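Q: Please take me through this model term by term, and set each value beside the definition it has to meet.

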Amino acid sequence: MVDMSLESAIRSVSMNETENQLARLSALGDAVRMRRVQRGMATREEFAEQVSLGYRVLTDLENGARRLGPKSYGEIEEALAWPPGRGETNLAGGPATTTDL
């Protein structure tokens, strides 16, 4: 039988990890949106023309509601003139900056 306090602690850690992941997705989305505007793409439609992703995917990304794969992050990084790996770095807890390194 599992100790209820141990089970509660495990559940709490899991919730904190999920909250951290959601916070990082949200921070990345904010950084993408700000950088997109800095680069002169006022709308997501303009951004979608630069990458092979649809408007809905970009909306979800900017709203912190979707995680993408490495290929998609690569296209976004290129369109935003970010160094390769910036998206994954942000999601891993690195700085979610809007500028180039």
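Q: Why does E88 count as partly exposed?
A: E88 has a relative accessibility of 30%. With a 1.4 Å probe and protein chains only, buried means under 20% relative accessible area, exposed means over 50%, and partly exposed is everything in between, so E88 belongs in that middle class. This is a predicted model, in which local features need pLDDT of at least 70 and side-chain atom pairs count only at pLDDT 80 or more, while totals for chains, interfaces and linings use all residues. Residues are numbered from 1 along each chain as its sequence is written, and side-chain values use heavy atoms, with hydrogens and water left out.

Q: What makes the pair R67 and E88 a salt bridge?
A: The closest N and O atoms of R67 and E88 are 3.1 Å apart, and a salt bridge is defined as a side-chain nitrogen of Lys or Arg within 4 Å of a carboxyl oxygen of Asp or Glu, so the pair meets the rule. This pair links distant parts of the chain, since R67 sits in the loop between α3 and α4 while E88 is in helix α5, 21 residues apart. R67 itself, at 51% relative accessibility, counts as exposed.

Q: How many salt bridges does a search of the whole structure find, and which pairs lie within one helix?
A: The search finds six salt bridges. R33 and D30, with closest N and O atoms 2.4 Å apart, form one of them, and both lie in helix α1, three residues apart, or about one turn of the helix. R56 and D60 meet at 2.6 Å, N to O, and they are separated by about one helical turn because they are four residues apart in helix α3 (residues 55-62). Side chains of opposite charge can pair when their charged atoms come close.

Q: Is D60 buried or exposed, and how do you know that?
A: D60 has 11% relative accessibility, which places it among the buried residues. R33 at 26% and D30 at 31%, by contrast, both count as partly exposed.

Q: What are the helices here, and how many are there?
A: The chain comes to five helices and zero strands, where helices (H or I, at least four residues) and strands (E, at least two) are DSSP runs numbered from the N terminus. Read along the sequence, the pattern is α-α-α-α-α.

Q: What puts the buried residues of α4 on the same side?
A: In helix α4 (residues 70-79), the buried residues are S72, Y73, I76, E77 and A79. They cover an arc of only 165 degrees around the axis, the arc being that of the directions from the helix axis to the C-beta atoms, which puts them on the same side of α4. P70, K71 and E78, on the other side, are exposed.

Q: What makes A81 notable after α4?
A: A81, found in the loop between α4 and α5 (86-91), has a positive phi of about 55 degrees although it is not a glycine. Most residues other than glycine have a negative phi. At 29% relative accessibility, A81 counts as partly exposed.

Q: Why is an empty space called a cavity, and how many are counted?
A: On a 1 Å grid over the protein atoms alone, a cavity is a set of points where a 1.4 Å probe fits but cannot get out, and lining residues have an atom within 4 Å of a point. Grid points are joined across faces, edges and corners, and a volume is the space filled by probe spheres set on the points. The count comes to one cavity of 30 Å³ or more. The largest cavity is lined by L28, V32, L61, Y73, I76, E77, W82 and G87, and α1 (4-38) and α4 are the elements that give two or more residues to that lining. α4 gives the most, with three residues.

Q: How do you know that Q50 is exposed, and which residues is it in contact with?
A: Q50, in helix α2 (residues 44-50), has a relative accessible area of 52%, and therefore it is exposed. Contact means heavy atoms within 4.5 Å, and, leaving aside neighbours within four places in sequence, Q50 is in contact with M41 and A79.

Note on methods:
On a 1 Å grid over the protein atoms alone, a cavity is a set of points where a 1.4 Å probe fits but cannot get out, and a pocket is an open set with protein on both sides within 12 Å along at least five of seven lines; lining residues have an atom within 4 Å of a point.
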